[in-house]
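Okay, thanks for making time, everyone. I'd like to walk you through one structure today and build up a picture of it piece by piece. Let me put it on the screen.

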Amino acid sequence: ILLDNERSSARMRMWRGSQLGRDFWLYQGGQVISTVGDACGNIALTWWILDVTGSPAMISTILAPALIVQTLLTPVLGPLGDRLSRKRLILTSDLVRGIAIAVLATTALRDAFAVPVILGVYALFAAGSALFNSNHMSIVPQLVPADALQGAVRMSQSVHAIGRVAGGVVAGL
């Protein structure tokens, strides 16, 4: 019974955020916004490609190279976090992804669909995602005390999953 009470008490402290701290929750809040934006951008891009070309094959033609770029760069960019500020790397990745999505949105608003441009800009977005993915979980230990790390990692993963689902809902609306 005592062990169950200790676990319950630890869970309550974690939900209140007392162990995880302000920096952790600020980071997670920013990442929810970023994740929702990424999901909306990806869905909007897919719809735009389909709307302009009428071709599901064109969706693959544009999205597949970007996924390959992201898959190849994620492990390559990971060691940067050991040499440079993870905070700056994550901010840089969010900036790159934000600029890429803004360029794609501007291109769509101007009805200037050009496959090479979209391929290049979306590959840049994927490179930014690779930089983010290779560093985002490694910053969590810097934001929380060691005894709260396991709960912080679980919470971070949950928040990321919620952001992806919320992004799909927002994009659908």
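Let me start with a quick one: is L95 buried or exposed? L95 is exposed, because its relative accessible area is 55%, and the cut-off for exposed is over 50%. Before going further, please keep in mind that this is a predicted model.

So where does L95 sit? Its place is in helix α5, which covers residues 86-109. And L95 has company: together with I99 and V103, L95 makes a nonpolar surface patch of about 260 Å².

Let me zoom out for a second. The protein has eight helices and zero strands, and the pattern along the sequence reads α-α-α-α-α-α-α-α. There are 173 residues in the protein, and buried ones make up 32% of them. On the surface side, the accessible area of the protein comes to about 10100 Å², with 66% of that belonging to carbon and sulfur atoms. If you take the contacts with a separation of 6 or more, 81% of them are between residues 24 or more positions apart.

Back to α5, then. A sanity check on its geometry: α5 has 24 residues, and at 1.5 Å a residue these should span 34 Å. The end C-alpha atoms of α5 are 34 Å apart, so the model agrees with the expectation.

We've seen the exposed L95, so what about the other face of the story: which residues in α5 are buried? That list is R86, L89, I90, S93, R97, A100, L104 and T107. And what do the buried residues of α5 pack against? They pack against α2, α4 (80-83), α6 and α7 (140-143).

One name on that buried list, L104, takes us to the core. The largest nonpolar core has 14 residues, and the members that touch the most others are L45, I49, L63, L104, I118 and Y122. At least two residues of this core come from each of α2 (21-53), α3 (56-77), α5 and α6 (115-133). Which helix gives the most? That's α6, with five residues. If you want one residue to click on, try L45: leaving out residues up to four places away in sequence, L45 touches L63, L104, I118 and Y122. There's also another core, lying apart from the largest one, with eight residues, among them V140, V144, A152 and V159.

Now the charged side chains. How many salt bridges are there? The count comes to four, and I'll go through some of them.

Take R97 and D38. Their side chains meet in a salt bridge, at 2.5 Å from N to O. This pair links distant parts of the chain, with R97 in helix α5 and D38 in helix α2, 59 residues apart. Are the two partners buried or exposed? R97 has a relative accessibility of 4%, so R97 counts as buried. D38 has 15%, so D38 is buried too, given that the cut-off is under 20%.

D82 and R86 are another pair, and here the closest N and O atoms are 3.1 Å apart. The ends of this bridge sit in contrasting surroundings: D82 is exposed, with a relative accessible area of 62%, whereas R86 is buried, with 17%. And while we're on salt bridges, those that share partners join D38, D94 and R97 into one network.

Then there's D23 with R22, whose side chains meet in a salt bridge at 3.9 Å, N to O. D23 counts as partly exposed because its relative accessibility is 44%, while R22, at 64%, counts as exposed.

Last stop: what comes just after α5? There, D111 takes a positive phi of about 50 degrees. As background, most residues other than glycine have a negative phi. D111 has its positive value although D111 is not a glycine. You'll find D111 in the loop between α5 and α6, and D111 counts as exposed because its relative accessibility is 68%.

To wrap up, α5 is a handy thread through this predicted model. It carries L95, it supplies at least two residues of the largest core, and its R97 pairs with D38 of α2. That's me done, so over to you.

Methods: Residues are numbered from 1 along each chain as its sequence is written. This is a predicted model: local features need pLDDT of at least 70, side-chain atom pairs count only at pLDDT 80 or more; totals for chains, interfaces and linings use all residues. Side-chain values use heavy atoms; hydrogens and water are left out. Patches are made of residues with over 30% relative accessible area and no salt bridge: like charges are joined within 9 Å, nonpolar side chains (Val, Leu, Ile, Met, Phe, Trp, Tyr) within 5 Å. Accessible areas come from the Shrake-Rupley method with a 1.4 Å probe; for residues, only the protein chains shown count as cover. Helices (H or I, at least four residues) and strands (E, at least two) are DSSP runs, numbered from the N terminus. Buried means under 20% relative accessible area, exposed over 50%, partly exposed in between (1.4 Å probe, protein chains only). A nonpolar core is a set of buried Ala, Val, Leu, Ile, Met, Phe, Trp, Tyr and Cys residues joined through side-chain atoms within 4.5 Å. Contact means heavy atoms within 4.5 Å. The expected span of a helix is 1.5 Å times one less than its number of residues.
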